[in-house]
Amino acid sequence: MTGENEAILRLEGVTKSFGKLVVLKGIDLAVRKGEVVALIGPSGSGKSTCLRCINGLEVPDSGRVYFRGRQVNFTNRHERREIRKHIGIVFQSYNLFPHMTVEENITIGPRKVLGEERGEALRRAHELLEKFGLADKARAMPDQLSGGQQQRVAIIRALAMKPEILLLDEVTSALDPELTREVLNLITQLAAEGLTMVLVSHEMAFVRRTAVRVAFMEAGRIVLEGPVNEVLNTDNERVRRFLVALEG
Amino acid sequence: MIENIFSLTNLKLLGRGAAMTLLLASVGVTAGAIFGTVLAVVRTYPARAFRLMTPLVWLYVEIFRRTPLLILILLTYFGLALAKVEVSNVVVAIVAISITSIAYMCENVRAGIESLPRAQWDAGFALGMHGWQTLFYIILPQALRLAIPPSIGFMQSLIKDTSMATIIGIVELTHAGVILRYRFPLGSFYIFGAVMIAYFLICYPLSWAGDFAERRLRRE
């Protein structure tokens with residue numbers, strides 16, 4: 001494999017159990033640079049756990065994760081931190097730091113982890129807030145923002161780390177349709193700019209529009225994986241039933 | 001009669017008593033706030049280094065929250081005597097009060113830490129932070145803020161409980177009142193009335209301090 005065809009991220013046979021509950025039964029997935037890959041599938045199929053195994057928020061029981069061709073050793077604390085500098089994640093419940101202003105939320109990572117100067121970090125934070133229409137919220141506390149604004153700030157907080165890959169874990173599931181749209185528009189913009197993303201979503205119209213490839217997960221396995229049009233127009237009975245149920 | 005009771009000399013005695021009460025309470029409160037937080041971190045933080053200490057902290061907290069301070073003061077007094085450690089009675093009282101204070105404050109901070117969503121840790125880790133960075137920048141500021149209301153209540157109780165140091169002969173506020181009472185038996189009511197007001201004046205400002213601290217911790 002050479003050049004742009006090479007996967008920036010590759011999972012091989014990743015498994016994960018919580019006690020007796022087997023959540024991932026061997027996940028193989030490759031993500032190329034600049035690509036948006038969507039994980040879809042029913043609740044409890046392991047999509048979120050799969051994302052969390054990519055940046056070591058969960059340590060896989062077995063299998064391998066390669067980032068830029070190098071295998072990541074998640075049992076090593078230093079490597080876990082290192083990988084998280086390059087692979088950001090945004091959660092369903094935003095998880096902003098409620099005791100910090102928006103700009104503090106965004107700058108704390110760059111300052112404490114990347115060692116940026118306060119002024120430099122603030123400048124970039126304001127730049128990003130400006131770009132995504134939140135310039136007037138820099139000094140606001142998270143609880144003064146709408147859900148959609150909070151989630152956009154959470155995405156900006158991840159972007160401020162200049163990640164090479166962004167993981168998005170059902171980032172609109174807690175939002176009403178109107179707020180969902182403003183968050184999805186932001187993600188679409190990021191995709192257009194060429195940011196590599198792996199996202200879990202139930203918004204099929206959005207997946208159709210944004211994803212390059214789609215993986216359908218069920219019961220801890222990827223059942224079907226391929227280019228977005230192939231998967232979303234598949235004649236695989238199980239996947240069709242799922243899509244019909246979602247899209248009505 | 002009242003003029004005689006509250007003469008300058010006697011007021012000075014009460015004042016010295018109040019100063020002693022303040023000393024016992026402030027050292028106890030400070031020790032509790034600092035070491036209670038440290039123990040709470042040891043008890044909740046999932047680091048391998050702490051794993052052995054966690055049950056010890058648990059034992060410490062359980063024992064000293066479930067036994068009377070009065071007994072602890074006596075035990076410390078006689079324990080140190082038995083060990084032939086010569087310290088002033090004030091030190092004995094401070095040690096005993098601090099032991100109690102640390103146990104309660106540990107519990108307050110622990111409750112604060114554990115009531116935060118697990119996702120706050122995840123959010124810190126997701127930025128590539130060390131565990132200790134997540135603890136200091138994300139978890140503790142929120143946990144300490146949550147611990148303030150119960151801690152203010154506890155500290156006010158602690159101030160009142162410093163009167164137990166009387167048992168080893170320390171002249172703090174209550175003891176000063178008792179001494180005065182022997183000089184003016186007929187004035188007992190007024191003397192203890194004054195003592196009570198003094199306790200109130202010492203305790204009350206803590207409520208303001210609590211409000212202030214809560215507001216401060218809201219911002220980093």
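**Helix H1 of chain A.** I began with helix H1 (residues 47-54) of chain A in this predicted model. I counted 8 of its 8 residues as buried, so the helix is largely enclosed by the rest of the structure. The list I wrote down is A:Lys47, A:Ser48, A:Thr49, A:Cys50, A:Leu51, A:Arg52, A:Cys53 and A:Ile54. I used the cut-off that a buried residue has 20 or more other C-beta atoms within 10 Å of its own. Just after H1(A), I noted that A:Gly56 takes a positive phi of about 75 degrees.

**What H1(A) lies on.** I then looked up which strands H1(A) lies across. They are S1, S2 and S4 of chain A, and the helix runs at about 60 degrees to S2(A).

**The sheet of chain A.** I traced 4 strands in an open sheet, in the order S2-S1-S4-S5, with antiparallel pairing. Strand S2 (21-32) and strand S5 (70-71) stand at the edges with a single partner strand each, so one side of each has no neighbour in the sheet. Between strand S1 (residues 7-18) and strand S4 (residues 62-67) of chain A I found 5 bridges. In one pairing I looked up, A:Thr15 has A:Ser62 in S4(A) as its bridge partner.

**Helices H2 and H7 of chain B.** I turned to chain B, where helix H2 (residues 8-44) packs against H7(B) at an angle of about 145 degrees, the axes being 11 Å apart. I recorded the crossing of H2(B) past H7(B) as right-handed. From H2(B), the residues that meet H7(B) are B:Thr21, B:Ala25, B:Gly28, B:Val29 and B:Val41. Opposite them in H7(B) I listed B:Leu135, B:Met155, B:Leu158 and B:Ile159. By class, I have 7 nonpolar, 2 polar and no charged residues in this contact.

**Where chain B touches chain A.** I looked up the contact between the chains: 19 residues of chain B are in contact with 20 residues of chain A. On the chain B side, helix H6 (118-126), helix H7 (131-161) and helix H9 (188-218) each supply at least two residues. I sorted that side of chain B into 10 nonpolar, 5 polar and 4 charged residues.

**B:Ala209.** Last, I checked B:Ala209, which is found in helix H9 of chain B. Is it buried or exposed? B:Ala209 has 12 other C-beta atoms within 10 Å, so I entered it as exposed, the cut-off for exposed being 12 or fewer. I also noted that B:Ala209 and B:Ile148 are 61 residues apart in sequence, with their C-alpha atoms 9.8 Å apart in space.

Technical notes
Residues numbered from 1 in each chain as written. Chains lettered and ligands numbered in written order. Predicted model: local features only at pLDDT ≥ 70, side-chain atom pairs only at ≥ 80, totals over all residues. Contact = placed C-beta atoms within 7 Å. Nonpolar A, V, L, I, M, F, W, Y, C, P; charged D, E, K, R; others polar. Axes fitted to C-alpha atoms, helices over the stretch in contact; angles between N-to-C directions. Left-handed = near helix turned anticlockwise from the far one by under 90°. Pairing = 2+ DSSP bridges.
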